[in-house]
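Thanks for coming. I have one chain to show today, and I will go through it region by region.

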Amino acid sequence: MGTPQFPDLGKHCSVEDCKQIDFLPFTCDRCRQVFCLEHRSYIKHSCPKADSNGVIVVICPLCAKGVRLNHDEDPNISWEVHVNTECDPSNYDKVTKKRKCPVRGCREVLTFSNTIKCRDCTLDHCLKHRFGPDHSCPGPKKPDVSFPFMGLLNRSKKEESKPNRSTAVSSSKWTTNFLSAASTVRASAEAGMSKLSSEISQAWQTATNSASPSSSNGSGGMGPEECPQCGTRFSSVTNLIDHVQKVHEKGGNQSRVLQLPMEVCPKCSKGFRDPVALVEHVERDHRGTSKA
């Protein structure tokens, strides 16, 4: 077999009645034997393993999907596994039903090559009716330019048209929810104001005790604090208090002065007659920190 230069060149056919030497032999992918050109097919050499690796697929009549049958397994078992796991009857219409052009009177079947989607109505049409005038295209949808609260207004009108009983029940629920929310807000506001007033009073005591008598020497002039009796301005509340105690207490106007409470800022010692103005000042100028 072969030649002196190439002793391994060519092989004999495996068929007993042939045994022909072929320099380009064929190897069967099932029985793995070598055959010549004439006996290379499964039928010609009667291959015993021709169906061992074959694929048998059955189309399911319920979902139109392919079911693969294994050679080493009962076909009934393979079918039962498919029905219990992946069979979807709703897929049958998608596979078997052919899409057609939606234009009335057109029977053209829509395929991959003859389908055009309209840009305005976003529907698929055939090539013949791909333009808008050919399929009576209504045009692009108009955007909703109405305000968002128009839906709520229409809903409220519908609720008002219902019987009075349902309206009374809904209004009572709304009133209850509103009162509970208002009470919660009020309680939190009162707690915050009480905490802030306690901190302000402590700062007031600290500023009063640490005030020195020498601070009243340069108190007169232009400042943010004004005496309610004589109109003299002072640069801080401490100087104003010292001025009132030394000048106006002797004139018998102590009761009048004490009737005008002043709220002092614990950070910059600026006085305020309105606690709300003090809170706004602390949040705006001191970033919400009221501790000294």
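Before the first residue, a definition: helices and strands here are DSSP runs, H or I of at least four residues for a helix and E of at least two for a strand, numbered from the N terminus. With that in hand, Cys106 can be placed in the loop between α2 and β7. Please keep in mind that this is a predicted model.

Let me stay with Cys106. Is Cys106 buried or exposed? Cys106 counts as buried because its relative accessibility is 17%, and the cut-off for buried is under 20%. If neighbours within four places in sequence are left aside, Cys106 is in contact with Cys101, Cys126 and His129. Take Cys126 from that list: its C-alpha atom is separated from that of Cys106 by 8.9 Å, with the two positions 20 residues apart along the chain.

Now the chain as a whole. It has 7 helices and 12 strands. Of its 292 residues, 22% count as buried. The exposed area is about 22200 Å², and carbon and sulfur atoms supply 54% of that. As for contacts with a separation of 6 or more, 24% of them come from residues 24 or more positions apart.

Next, salt bridges. How many does a search of the whole structure find? The search finds 4, and I will go through three of them, starting with Arg99 and Asp124. The closest N and O atoms of Arg99 and Asp124 are 2.9 Å apart. This pair links distant parts of the chain, 25 residues apart: Arg99 is in the loop between α2 (91-96) and β7 (116-117), and Asp124 is in strand β8, residues 124-125. Arg99 is partly exposed, with a relative accessible area of 45%. Asp124 is partly exposed too, at 22%.

Another salt bridge joins the side chains of Asp29 and Arg30, at 3.2 Å from N to O. Asp29 has a relative accessible area of 40%, so it is partly exposed.

Then there is Asp285 with Arg284, where the closest N and O atoms are 3.5 Å apart. Why does Asp285 count as partly exposed? Because its relative accessible area is 43%, and partly exposed covers the range between the 20% and 50% limits. Arg284 has a relative accessible area of 57%, so it counts as exposed.

Back towards the N terminus, to Gln20. Where does Gln20 lie? Gln20 is in the loop between β1 (11-12) and β2 (21-22). With a relative accessible area of 45%, Gln20 is partly exposed. Setting aside neighbours within four places in sequence, the contacts of Gln20 are Lys11, His12, Cys13 and Cys36. The C-alpha atoms of Gln20 and Gly10 are separated by 9.9 Å, and these two residues are 10 apart along the chain.

The last stop is helix α5, residues 237-248. From first C-alpha to last, its 12 residues reach 15 Å, close to the 16 Å expected at 1.5 Å a residue. Which residues of α5 are buried? They are Val237, Thr238, Asn239, Leu240, Asp242, His243, Val244 and His248. As background for reading that list, an α-helix has 3.6 residues a turn, so residues three or four places apart point the same way. Leu240, Val244 and His248 are among the buried residues of α5.

That is what I have for today.

Terms used:
Residues are numbered from 1 along each chain as its sequence is written. This is a predicted model: local features need pLDDT of at least 70, side-chain atom pairs count only at pLDDT 80 or more; totals for chains, interfaces and linings use all residues. Side-chain values use heavy atoms; hydrogens and water are left out. Buried means under 20% relative accessible area, exposed over 50%, partly exposed in between (1.4 Å probe, protein chains only). Contact means heavy atoms within 4.5 Å. Accessible areas come from the Shrake-Rupley method with a 1.4 Å probe; for residues, only the protein chains shown count as cover. The expected span of a helix is 1.5 Å times one less than its number of residues.
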